[in-house]
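Here is a walk through one protein model, written for someone meeting it for the first time. Have a look at the structure, then read on.

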Amino acid sequence: MDITRRHFIRTLCISGGMLFLPSCGRNGEVSGSQHSREPAYIKLEREGLFARRIEQAYARFEKCELCPRRCGVDRSRGEKGVCQATDKLVVYSAQPHYGEELPLVGRNGSGTIFFSNCNLRCVFCQNWPIAHAGRGSEVSDRKLADMMLDIQKMGCHNINLVTPTHVMPNILNATLMAMKDGLRIPLCYNTGGYELAENIRLLDGIVDIYLPDLKFMDPDNAERYAGSAKDYPEMARQAIIEMHRQVGDLVTDSQGIAERGLMVRHLVMPNRVAGTREFVQWAAQNLSKSTYINIMGQYRVEHRAFEYPEIARAINSQEFVEAIDWAREAGLSNLDQRAISHYQVFRRRISVF
Ligand code: SF4
């Protein structure tokens with residue numbers, strides 16, 4: 001059975017959440033995942049630059065500018081902005097995940113850590129119990145480091161940080177702790193895309209794999225569906241260009257497992273509200289035509305989407321087929337293989353009916 005992200009989340013919710021891995025202690029040696037490439041953060045520490053980055057990141061809690069909302073609240077004193085987070089980490093789950101893109105999943109899974117709360121707050125959020133309701137448990141940075149080591153010990157190919165933007169300082173601190181105790185697998189920064197490029201620059205030399213969404217191309221649609229974030233398209237585009245500058249196109253090892261690079265997700269939505277045609281043209285012109293692009297067809301009516309008639313249905317076959325056709329017309333040559341399989345199914349449906 002194909003395990004989608006939505007299915008994964010639902011399973012967690014039904015089981016009551018909190019599927020933390022048992023602590024394996026420190027010195028989590030790599031098992032099963034033998035990365036030939038050294039993760040970027042090791043070089044940064046060798047150069048003596050990692051601790052300074054953590055200081056710079058933590059300073060942003062005091063007048064929070066960790067995302068384009070620029071709430072200005074002092075999270076170090078417990079104040080909360082739009083994302084509803086203080087400077088304390090809240091984690092929902094940490095475990096191998098097999099529903100992510102195949103270069104992340106490999107044989108042993110992608111080591112996903114789901115952070116609670118979110119700075120974007122989309123009306124159609126598929127993770128709303130975690131992202132909006134904030135389900136999860138408070139953990140220390142040290143505990144997050146131990147989770148990373150446990151994930152490595154299970155053989156996962158990467159640390160997949162889901163919704164990391166508002167807790168980026170904690171992540172950097174935990175990564176340094178974990179690195180000192182043996183962490184040797186790459187970080188995957190799995191973000192909704194509502195980022196400040198200047199904050200992404202702090203991650204240069206720390207993150208190896210960027211996995212941003214680019215959800216909307218039109219400011220009015222972003223305002224309507226993504227928590228009033230009218231500047232989302234511009235902020236996300238700037239951030240993704242910076243990510244691509246840092247890590248370039250996706251590089252995989254001999255087994256096809258991601259080592260470094262940019263992977264961009266775009267969810268096709270009903271009635272073309274996501275701006276898919278504009279997205280693929282932008283990606284082809286501003287990134288590279290060989291950028292790894294995952295055009296996703298699993299839109300479902302979740303959270304408050306039923307209040308918006310134009311997105312209160314699943315997409316149809318034609319909407320997904322035209323999305324892939326547009327991507328190919330734009331010259332994008334590295335489309336996600338599962339998306340191509342879905343495309344073939346949808347095409348057959350159209351030809352039959
Ligand atoms: S991370 Fe949260 S508090 Fe900080 S600017 Fe963004 S929404 Fe506001």
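What follows goes from the whole chain to some of its strands, its core, its ligand and a few loop residues.

## The big picture

This is a predicted model, so local features need pLDDT of at least 70 and side-chain atom pairs count only at pLDDT 80 or more, while totals for chains, interfaces and linings use all residues. Residues are numbered from 1 along each chain as its sequence is written.

The protein has 13 helices and 10 strands. Helices (H or I, at least four residues) and strands (E, at least two) are DSSP runs, numbered from the N terminus. Of its 353 residues, 52% count as buried. Buried means that 20 or more other C-beta atoms lie within 10 Å of the residue's own; exposed means 12 or fewer, and partly exposed is in between, with C-beta atoms placed from the backbone. Now for contacts, where two residues touch if their C-beta atoms, placed from the backbone, lie within 7 Å. Among contacts between residues at least 6 apart in sequence, 74% join residues at least 24 apart.

## Strand S5 and its neighbours

How many of the 5 residues of strand S5 are buried? The count is 5 of the 5, so S5 (residues 187–191) is largely enclosed by the rest of the structure. Leu187, Tyr189 and Thr191 point one way, Cys188 and Asn190 point the other way, and all are buried. In a regular strand the side chains alternate between the two faces of the sheet.

Strands count as paired if DSSP finds at least two bridges between them. S5 pairs in the parallel sense with strand S4 (residues 159–162) over 4 bridges, and isoleucine 159 has leucine 187 as its bridge partner in S5. S5 also pairs with strand S6 (residues 209–212), again parallel and over 4 bridges; here asparagine 190 is matched with leucine 211 in S6. S4, H7 and S5 make a right-handed β-α-β unit, and so do S5, helix H8 (residues 197–202) and S6. Right-handed means that, with the strands pointing away from the viewer, the path from the first strand over the helix to the second runs clockwise.

## Strand S9 and its neighbours

Further along the chain, strand S9 (residues 292–296) is mostly covered, with 4 of its 5 residues buried. It is joined by 5 bridges to strand S8 (residues 258–267), and the two run parallel. One of the pairings puts arginine 265 with asparagine 294 in S9. Between S8 and S9 the chain passes through helix H11 (residues 276–286), and this β-α-β crossover is right-handed.

S9 pairs with strand S10 (residues 334–335) too, in the parallel sense over 2 bridges, with tyrosine 292 opposite asparagine 334 in S10. Helix H12 (residues 317–329) completes a right-handed β-α-β unit with S9 and S10.

## The core and the ligand

A nonpolar core is a set of buried Ala, Val, Leu, Ile, Met, Phe, Trp, Tyr and Cys residues joined through C-beta atoms within 7 Å. The largest one here has 111 residues, and Val91, Ile113, Met148 and Val268 touch the most other members. Helix H7 (residues 168–180) gives this core its largest share, 8 residues. Leaving aside neighbours within four places in sequence, valine 268 is in contact with ten-strong company, including Ile295, Met296, Ile315 and Phe320.Which residues come nearest to the ligand? Of the 13 around it, they are Cys64, Cys67, Cys71, Gly81 and Cys83; a residue is near if its C-beta atom, placed from the backbone, lies within 6 Å. By class, this shell has 7 nonpolar, 3 polar and 3 charged residues. Ala, Val, Leu, Ile, Met, Phe, Trp, Tyr, Cys and Pro count as nonpolar, Asp, Glu, Lys and Arg as charged, and the others, Gly among them, as polar.

## Some loop residues

The loop between S9 and H12 holds phenylalanine 306. Phenylalanine 306 is partly exposed because 13 other C-beta atoms lie within 10 Å. Its C-alpha atom is separated by 9.1 Å from that of valine 123, although the two residues are 183 apart along the chain. Arginine 313 lies in the loop between S9 and H12, and touches Pro270 and Val301, not counting residues up to four places away in sequence.

Most residues other than glycine have a negative phi. Histidine 303, not a glycine, has a positive phi of about 55 degrees, and lies in the loop between S9 and H12. Arginine 70 also has a positive phi, near 45 degrees, and is found in the loop between helix H3 (50–59) and strand S1 (89–97).
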